[in-house]
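Q: I am new to this structure and would like to learn how to read its features one at a time. Could you take me through them slowly, giving the general idea before the particular case?

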Amino acid sequence: MTNNPVKILKSRKKKSGYENLTGYLFISPFLIGLIGLTLYPVLYSLYLSFTEYDLLGAPTWTGLENYQRMFTNDAMFWTSMKTTFFYAGVAVPIRLVFALLVALALNKITEMVGFYRTMLYLPSVVGGSIAISIMWRQLFGNDGAFNSILDSLGLPTHSWLGDPGTAIWTLIVLYGWQFGSSMLIFLAGLRNIPKTYYEASSVDGARPIQQFFKITLPLLTPVILFNTVMQVINGFMAFTPSFIVTNGGPMNSTVLFVLYMYRRAFEFFEMGYGSAMAWVMLVIIALFTALIFKSSDKWVHYEGEQK
């Protein structure tokens with residue numbers, strides 16, 4: 001055994017190098033996926049947003065022409081934007097409120113909680129699928145189950161998917177029906193609230209409604225923040241229901257932003273324009289997320305936090 005400090009230092013560096021190489025080899029699948037399947041496509045789409053590209057030839061640099069056209073000479077862009085804002089602004093609160101109410105009910109149940117939780121979560125698992133969208137289209141069709149029930153009760157039927165005033169609401173109901181994931185997160189948050197708070201407030205004479213607004217809601221605000229951010233992102237990125245259930249109709253009343261972006265990119269072969277639309281949506285989602293986090297200082301409360 002040698003006591004030469006130089007040799008010992010070289011040996012340690014060599015061993016450290018082998019350990020680092022082993023670590024990089026283990027994380028290489030993730031790095032390859034991150035760079036090849038995420039970073040590169042994102043940056044390439046940014047480049048394409050400044051080009052004219054039809055998927056067949058080479059991209060042609062056009063500068064800000066796509067963005068100028070989008071904001072000044074594309075009425076459908078603003079129509080889809082307006083529809084998307086209405087859809088997200090209505091559907092997201094409905095899903096969150098319904099998920100919270102169901103979570104509160106499940107939190108009171110002591111028997112078969114796992115069964116109820118699983119059954120209520122299933123719509124979130126299958127709700128975004130093509131099959132469920134097709135089923136939804138059949139349910140609200142002219143000869144669908146919903147109209148059949150109304151007819152059997154002697155009530156007037158309605159063309160739910162053919163009426164511009166009601167078609168968007170069928171998509172909103174579908175979005176609200178997929179409340180399972182938000183419900184589970186709310187339920188986990190409710191289970192983490194110490195029961196001693198409720199016991200102490202009961203001794204002081206607090207009623208259930210007072211406990212909800214003074215204990216449950218404030219301590220649940222971090223979970224509400226997370227669910228709100230996630231559902232706002234999902235709301236703005238909705239595509240499958242608009243594409244399958246209504247295909248943007250009737251009279252373009254359900255053309256959501258992502259559906260219009262898809263049409264421009266893959267039906268009209270304007271990939272450069274579609275990429276520009278994608279980056280506009282990215283900026284919008286980033287702004288909304290930033291605003292939500294910025295406002296969280298005023299309404300999100302953490303246990304043990306001093307204010």
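A: Let us begin with a term: a residue is called buried when its relative accessible area is under 20%, exposed when it is over 50%, and partly exposed in between. Please keep in mind throughout that this is a predicted model. With that term in hand, we can turn to helix α2, which spans residues 65–72 and whose buried residues are N66, Y67 and M70.

Q: Where do the buried residues of α2 fall when the helix is seen down its axis?
A: The general idea is that an α-helix has 3.6 residues a turn, so residues three or four places apart point the same way. In this case the buried residues of α2 fall within an arc of 95 degrees when one looks down the axis, and therefore they line one face of the helix. The face turned away from that buried side carries the exposed residues Q68 and T72.

Q: Which residue of helix α2 takes part in a salt bridge that links distant parts of the chain?
A: A salt bridge is read from a side-chain nitrogen of Lys or Arg that lies within 4 Å of a carboxyl oxygen of Asp or Glu. Here R69 forms such a bridge with E270, and their closest N and O atoms are 3.2 Å apart. The two partners are 201 residues apart, with R69 in helix α2 and E270 in the loop between α12 and α13 (271–299). R69 counts as partly exposed because its relative accessible area is 27%, and E270 is likewise partly exposed, at 22%.

Q: How many salt bridges does the structure hold, and what else does E270 bind in this way?
A: The structure holds 2 salt bridges, and E270 also forms one with R264, where the closest N and O atoms are again 3.2 Å apart. R69, R264 and E270 are thus linked in a network of salt bridges. R264 is buried, since its relative accessible area is 15%.

Q: What lies beneath the charged end of R264?
A: To read a charge over a ring, one looks at how far the charged end is from the ring centre and whether it lies over the face. The charged end of R264 sits over the ring of F268, at 5.0 Å from its centre. In another such case, R95 lies over the face of Y175, at 3.6 Å from the ring centre.

Q: How should I read a pair of aromatic rings, and how many such pairs are there?
A: A pair of aromatic rings is described by the distance of the centres and the angle of the planes. The structure holds 24 aromatic pairs. One of them is formed by F212 and F213, which are 5.0 Å apart from centre to centre with 80 degrees between the planes, an edge-to-face arrangement. F213 counts as partly exposed, because its relative accessibility is 49%. Rings can also gather in a group, and Y40, Y44, Y47, F50, W61 and Y67 form one aromatic cluster; Y67 was named above among the buried residues of α2.

Q: Which residues form the nonpolar patch on the surface?
A: The patch is formed by I109, M112, F115, Y116, M119, Y121, L122, V125 and V126, which together have about 780 Å² of accessible area. One of these residues, F115, is found in helix α4 (residues 113–126), and F115 counts as partly exposed because its relative accessibility is 45%.

Q: What is there to read in the backbone of the loop between α11 and α12?
A: Most residues other than glycine have a negative phi, and most peptide bonds are trans. In this structure a cis peptide bond joins G249 and P250, with omega of about -5 degrees, and P250 is found in the loop between α11 (240–246) and α12 (257–267). M251, placed in that loop too, has a positive phi of about 55 degrees although it is not a glycine. N252, also found in the loop between α11 and α12, has a positive phi near 60 degrees. As for accessibility, M251 counts as exposed because its value is 74%, whereas N252 counts as partly exposed because its value is 32%.

Note on methods
Residues numbered from 1 in each chain as written. Predicted model: local features only at pLDDT ≥ 70, side-chain atom pairs only at ≥ 80, totals over all residues. Heavy atoms only, no water. Patch = residues over 30% accessible without salt bridge, like charges linked within 9 Å, V, L, I, M, F, W, Y side chains within 5 Å. Areas by Shrake-Rupley, 256 points an atom, 1.4 Å probe, with all protein chains shown as cover. Helix = DSSP H or I, 4+ residues; strand = E, 2+ residues; numbered from the N terminus. Buried < 20%, exposed > 50% of the residue type's maximum accessible area, 1.4 Å probe, protein only. Phe/Tyr/Trp six-rings, centres within 6.5 Å; stacked < 30°, edge-to-face > 60°. Lys NZ or Arg CZ within 6 Å of the ring centre and 35° of its normal. Arc of directions from axis to C-beta.
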